[in-house]
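User: I have a model open and would like to understand the labels attached to it. Could you take me through the reasoning behind them?

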Amino acid sequence: MGSGTRGQAQRDAVTVEIGYALFSACFVGFVVFAAVAGPVLVWDLPTGFGKALVWAGTALGVALGVVRVVHVLRRFARGDG
């Protein structure tokens, strides 16, 4: 895992990578949510179908956001990034 204490540069790199992972996850989640739930704002859809699209967009956005965070942090831990 490591050789003990981390230097300031390593701690800063981890902080930046976590920030990047969270920011990019929020962006991906928002884009997916907007793509799935966006038609509710544009067209007059039945209430049940509109709610289903919003729930589906929320679930997909959250799931892909989590996948993005895990992907970025695993890549950083391996040293690929």
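Analyst: Gladly! Let's start with a cut-off: a residue is buried under 20% relative accessible area, exposed over 50%, and partly exposed in between. Please keep in mind that this is a predicted model.

User: Why is Val 28 called partly exposed?

Analyst: Val 28 has 27% relative accessibility. Partly exposed is the class between 20% and 50%, so Val 28 counts as partly exposed. This valine is found in helix α1. Its C-alpha atom is separated by 21 Å from that of Val 14, 14 residues apart along the chain.

User: And what makes Glu 17 buried?

Analyst: The relative accessible area of Glu 17 is 13%. Buried means under 20%, so Glu 17 is buried. Glu 17 sits in helix α1. Leaving aside neighbours within four places in sequence, Glu 17 is in contact with Val 72, Leu 73, Arg 75 and Phe 76.

User: How do you know that Val 72 counts as buried?

Analyst: The value for Val 72 is 0% relative accessibility. With the limit for buried at under 20%, Val 72 therefore counts as buried. Val 72 lies in helix α2 and, not counting residues up to four places away in sequence, touches Glu 17, Tyr 20, Ala 21 and Ser 24.

User: Why is Ser 24 called buried?

Analyst: Ser 24 has a relative accessible area of 9%. Since buried means under 20%, Ser 24 is buried. Ser 24 lies in helix α1, and it touches Arg 68 and Val 72, not counting residues up to four places away in sequence. The C-alpha atoms of Val 72 and Ser 24 are separated by 9.1 Å, although these residues are 48 residues apart along the chain.

User: Which other residues of α1 are buried, and what covers them?

Analyst: Besides Glu 17 and Ser 24, the buried residues of α1 are Ala 21, Ala 25, Gly 29, Val 32 and Ala 37. What covers the buried residues of α1 includes α2.

User: Which residues of α2 are buried, and what do they pack against?

Analyst: In α2 they are Gly 50, Leu 53, Gly 57, Gly 61, Gly 65, Val 69 and Val 72. The buried residues of α2 pack against α1.

User: What makes α1 and α2 roughly antiparallel?

Analyst: The two helices pack at an angle of about 160 degrees. Angles over 145 count as roughly antiparallel, so α1 and α2 are roughly antiparallel to each other. Their axes are 7 Å apart, and the crossing of α1 and α2 is right-handed.

User: How do you know that the span of α2 agrees with what is expected?

Analyst: Helix α2 runs over residues 47–78, which is 32 residues. The expected span is 1.5 Å times one less than the number of residues, and for α2 that should be 46 Å. The end C-alpha atoms of α2 are 46 Å apart, so the two values agree. Gly 79 follows α2, and its phi is positive, near 95 degrees.

User: How far does α1 reach, and what is expected for it?

Analyst: α1 has 35 residues and reaches 49 Å from its first C-alpha to its last. That is close to the 51 Å expected at 1.5 Å a residue.

User: Where does α1 have a kink?

Analyst: The kink in α1 lies at Val 36 and is about 45 degrees. You will find it shortly before the proline Pro 39.

Methods
Residues numbered from 1 in each chain as written. Predicted model: local features only at pLDDT ≥ 70, side-chain atom pairs only at ≥ 80, totals over all residues. Heavy atoms only, no water. Helix = DSSP H or I, 4+ residues; strand = E, 2+ residues; numbered from the N terminus. Buried < 20%, exposed > 50% of the residue type's maximum accessible area, 1.4 Å probe, protein only. Contact = heavy atoms within 4.5 Å. Bend = angle between axes of the 7 residues up to and from the residue. Axes fitted to C-alpha atoms, helices over the stretch in contact; angles between N-to-C directions. Parallel < 35°, antiparallel > 145°, perpendicular 65-115°, else oblique. Left-handed = near helix turned anticlockwise from the far one by under 90°.
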